[in-house]
Amino acid sequence: MSSDIEYRVVCEADDYDCCLAIRRAVFVEEQRCPEAEEYDGLDAEAQHCLGLFRGVAAATSRWRYIDTGIVKFERLAVLKKWRGLGLGRGMLEYALAAISASGCRRVVIHAQSRLCGFYREFGFVAQGEEFVEAGIKHYYMQLDIRE
């Protein structure tokens with residue numbers, strides 16, 4: 001199955017458009033996130049990643065530096081049709097490897113509460129109280145990268 005899945009950092013406009021379409025389907029349409037919150041004006045400063053299943057755009061994520069050595073990982077989304085194939089897990093592994101290779105020392109996320117267990121498997125630790133973002137319950141989580 002893994003040979004069917006490919007991840008790549010987005011360099012082409014077509015790939016970027018695929019990322020936006022996946023985010024629209026998952027966050028705006030499926031989860032009813034307000035469009036203005038999903039398209040927050042921060043895409044230009046972020047690194048985007050596209051996941052493909054058998055050549056078809058199926059998953060996306062983005063990350064951006066928010067301070068020296070600190071990256072915020074965001075917008076991990078897998079189209080409903082492709083869930084359960086490991087695309088989300090693979091996307092996070094791919095992104096964490098790229099982030100680590102860049103010399104980053106900490107990754108932070110706003111994890112949807114129902115997904116905290118998924119992120120804990122990668123070593124993320126919840127900090128503080130649950131909060132609501134875009135109408136969805138979240139936790140702030142962080143991962144300290146050790147060299």
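The numbered points below concern a predicted model and take up its helices, strand pairings, cysteines, two basic side chains and backbone angles.

1. Helix 1 covers residues 13-30, and its length is consistent with regular helical geometry: at 1.5 Å a residue its 18 residues should span 26 Å, and the C-alpha atoms at its ends lie 24 Å apart, which agrees. The helix is nevertheless bent, by about 30 degrees, and the bend is located at Arg24. Beyond the end of helix 1 comes Arg32, whose phi is positive, near 60 degrees.

2. The buried residues of helix 1 are Asp15, Cys19, Ile22, Arg23, Val26, Phe27 and Val28, a set that includes the charged residues Asp15 and Arg23 alongside Ile22 and Phe27. These buried residues pack against helix 2 (35-38) and against five strands, namely strand 1 (5-9), strand 2 (47-53), strand 3 (56-67), strand 4 (70-78) and strand 5 (106-112).

3. Helix 3, residues 87-101, can be checked in the same manner: its 15 residues should span 21 Å at 1.5 Å a residue, and the end C-alpha atoms are 21 Å apart, in agreement with that expectation. Its buried residues are Leu87, Gly88, Gly90, Met91, Leu92, Ala95, Leu96 and Ile99. Helix 3 is followed by Gly103, where phi is positive and near 95 degrees.

4. Strand 4 and strand 5 run parallel and are joined by three bridges, one of the pairings being that of Ile70 with Arg106 in strand 5. Because five of its seven residues are buried, strand 5 is largely enclosed by the rest of the structure.

5. Two basic residues of strand 4 deserve individual inspection, and Lys72 is one of them. With a relative accessible area of 13%, Lys72 counts as buried, since the cut-off is under 20%. Its side chain makes a polar contact of 3.4 Å with the side chain of Glu74. Leaving aside residues up to four places away in sequence, Lys72 touches Arg62, Trp63, Arg64, Ile66, Val108 and His110, so that the surroundings of this lysine include other basic side chains as well as Trp63, within the 4.5 Å contact limit.

6. Arg75, also found in strand 4, is buried with a relative accessible area of 17%. The side chain of Arg75 reaches the backbone oxygen of Glu37 at 3.2 Å, and Glu37 is also among the residues that Arg75 touches, the others being Arg23, Phe27, Glu38, Asp40, Thr60, Ser61 and Arg62, with residues up to four places away in sequence not counted. Arg75 and Arg62 are 13 residues apart in sequence, yet their C-alpha atoms are 5.8 Å apart in space. Of the residues touched by Arg75, Arg23 and Phe27 are listed among the buried residues of helix 1.

7. Strand 6 (residues 125-133) and strand 7 (residues 136-144) run antiparallel and are joined by six bridges; among the pairings, Glu133 has Ile136 as its bridge partner in strand 7. The two strands form a hairpin with two residues between them, and Ala134 in the turn has a positive phi of about 55 degrees. Ala134 counts as buried, at 19% relative accessibility, because the cut-off for burial is under 20%.

8. Positive phi values merit a check, because most residues other than glycine have a negative phi. Besides Ala134, this applies to Arg54, whose phi is near 50 degrees, a positive value in a residue other than glycine. Arg54 lies in the loop between strand 2 and strand 3, where it is exposed, with a relative accessible area of 59%.

9. The structure holds zero disulfides. Cys11 is in none, and the nearest cysteine sulfur, that of Cys49, is 10 Å away; Cys11 is itself exposed, with a relative accessible area of 67%. For Cys33, the closest cysteine sulfur is in Cys19, and because the separation is 16 Å it is too far for a bond. Cys33 is buried, with a relative accessible area of 8%, whereas Cys11 is exposed.

Methods: Residues are numbered from 1 along each chain as its sequence is written. This is a predicted model: local features need pLDDT of at least 70, side-chain atom pairs count only at pLDDT 80 or more; totals for chains, interfaces and linings use all residues. Side-chain values use heavy atoms; hydrogens and water are left out. Helices (H or I, at least four residues) and strands (E, at least two) are DSSP runs, numbered from the N terminus. The expected span of a helix is 1.5 Å times one less than its number of residues. The bend at a residue is the angle between axes fitted to the seven residues ending there and the seven starting there. Buried means under 20% relative accessible area, exposed over 50%, partly exposed in between (1.4 Å probe, protein chains only). Two strands pair if DSSP finds at least two bridges between them. A disulfide is a pair of cysteine sulfur atoms within 2.5 Å. A polar contact is a pair of N or O atoms within 3.5 Å; within protein, one must be able to donate a hydrogen and the other to accept it, and residues adjacent in sequence count only if both atoms are side-chain atoms.
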